[in-house]
Amino acid sequence: MEQNEIQKDKSYFQVAEGVWGLTDIFTNVYVIRNDADNSWVLIDAGLKTGYGKIRKMVGDLFGENARPSAILLTHGHFDHTGSLKKLAEEWDVPVYAHYLELPYLQGKSAYPPPDPSAGGGLMTYFSEFYPKHSADVIDRVEAFPGIGHDVPGLPEWKYMHTPGHSPGHVSFWREKDKVLIA
């Protein structure tokens, strides 16, 4: 196969140096390589339908039995945690999120009901039917450690608390090339 045909067969795409993304229906997940030691992390775990696509992407990028050093969450909504429990258990890795997301990820609280009139569009209209509870990963999830907004497994990256979409929503920032995962 020619290079263009090979790329067409892939469901993922390169975002920047050492950063790849994958879109599953209407949500994105990202894989970031730590250049210092060639380890990697998964950011978000998409929908349940994304499990096989995520496994294929990381298998292509890092090898069939590769596992991340951690799974990082921007927030705990169902479309970012659908494959989380299965992947975290299979890979036996920690899951990190902002401390304000922990009650949702530990099954202690449900997200507030959505407002189907906000923003308009089909996704907003159907929002009242979305699950209110996140993946219960009480045994694996912990708050981002320490001060300074360091990101576990990614020394060049920082996380920023960007609430609004959810109380503990975060975005990930790499200063050297101005890459933002939000």
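1. Two strands are taken to pair here if DSSP finds at least two bridges between them. With that in mind, a reader coming to this predicted model can begin with the sheet in which 4 strands, in the order 8-9-10-11, form an open arrangement with antiparallel pairing. Its edges are strand 8 (150–151) and strand 11 (179–181), each of which pairs on one side only. Inside this sheet, strand 9 (residues 154–161) and strand 10 (residues 170–174) run antiparallel and are joined by 5 bridges, and Tyr 159 has Phe 172 in strand 10 as its bridge partner.

2. The model also contains an open sheet of 7 strands, ordered 1-2-3-4-5-6-7, in which the pairing is mixed. Strand 1 (12–16) and strand 7 (141–143) are the edge strands, each pairing on one side only. Neighbouring strands of this sheet are turned against each other by 30 degrees on average, when direction is ignored.

3. The mixed character of the 7-stranded sheet can be followed strand by strand. Strand 2 and strand 3 pair in the antiparallel sense over 6 bridges, with Gly 21 standing opposite Tyr 30 in strand 3, and strand 3 is joined in turn to strand 4 (residues 39–43) by 5 bridges, again antiparallel. Asn 34 has Ser 39 in strand 4 as its bridge partner. By contrast, strand 5 (residues 70–72) and strand 6 run parallel and are joined by 2 bridges, and here Ile 71 stands opposite Val 95 in strand 6.

4. Two helices lie against this sheet. Helix 2 packs on the sheet and touches strand 1, strand 2, strand 3 and strand 4, its direction making about 155 degrees with that of strand 2. Helix 4 also packs on the sheet, where it touches strand 4, strand 5 and strand 6, and its direction makes about 160 degrees with that of strand 5.

5. The hairpins deserve a look at their backbone angles. Between strand 2 and strand 3 there are 2 residues, and in this hairpin Ile 25 takes a positive phi near 60 degrees. The hairpin of strand 3 and strand 4 has 4 residues between the strands, and there Asn 38 takes a positive phi near 65 degrees. Strand 3, which takes part in both hairpins, is mostly covered, with 6 of its 8 residues buried.

6. The largest nonpolar core has 25 residues, and those with the most contacts inside it are Leu 42, Ile 71, Leu 87 and Trp 91. At least two residues of this core are supplied by each of strand 2, strand 3, strand 4, helix 2 (51–62), helix 4 (84–91), strand 6 (95–97) and helix 5 (102–105). Leaving aside its neighbours within four places in sequence, Leu 87 is in contact with Leu 42, Ala 45, Tyr 51, Ile 54, Arg 55, Ile 71 and Asp 92. A second, separate core of 18 residues includes Ala 70, Phe 144, Val 170 and Val 179.

7. Asp 24, found in strand 2 (residues 19–24), merits a separate remark. Asp 24 counts as buried because its relative accessible area is 3%, whereas the limit for that label is under 20%. The side chain of Asp 24 is joined to that of Thr 49 by a polar contact of 2.6 Å, and a polar contact of 2.6 Å also joins the side chains of Asp 24 and Lys 53. Not counting residues up to four places away in sequence, Asp 24 touches Leu 47, Thr 49, Gly 50 and Lys 53.

Key: Residues are numbered from 1 along each chain as its sequence is written. This is a predicted model: local features need pLDDT of at least 70, side-chain atom pairs count only at pLDDT 80 or more; totals for chains, interfaces and linings use all residues. Side-chain values use heavy atoms; hydrogens and water are left out. Buried means under 20% relative accessible area, exposed over 50%, partly exposed in between (1.4 Å probe, protein chains only). A polar contact is a pair of N or O atoms within 3.5 Å; within protein, one must be able to donate a hydrogen and the other to accept it, and residues adjacent in sequence count only if both atoms are side-chain atoms. Contact means heavy atoms within 4.5 Å. A nonpolar core is a set of buried Ala, Val, Leu, Ile, Met, Phe, Trp, Tyr and Cys residues joined through side-chain atoms within 4.5 Å. Axes are lines fitted to C-alpha atoms, for helices over the stretch in contact, and angles run from 0 to 180 degrees between N-to-C directions.
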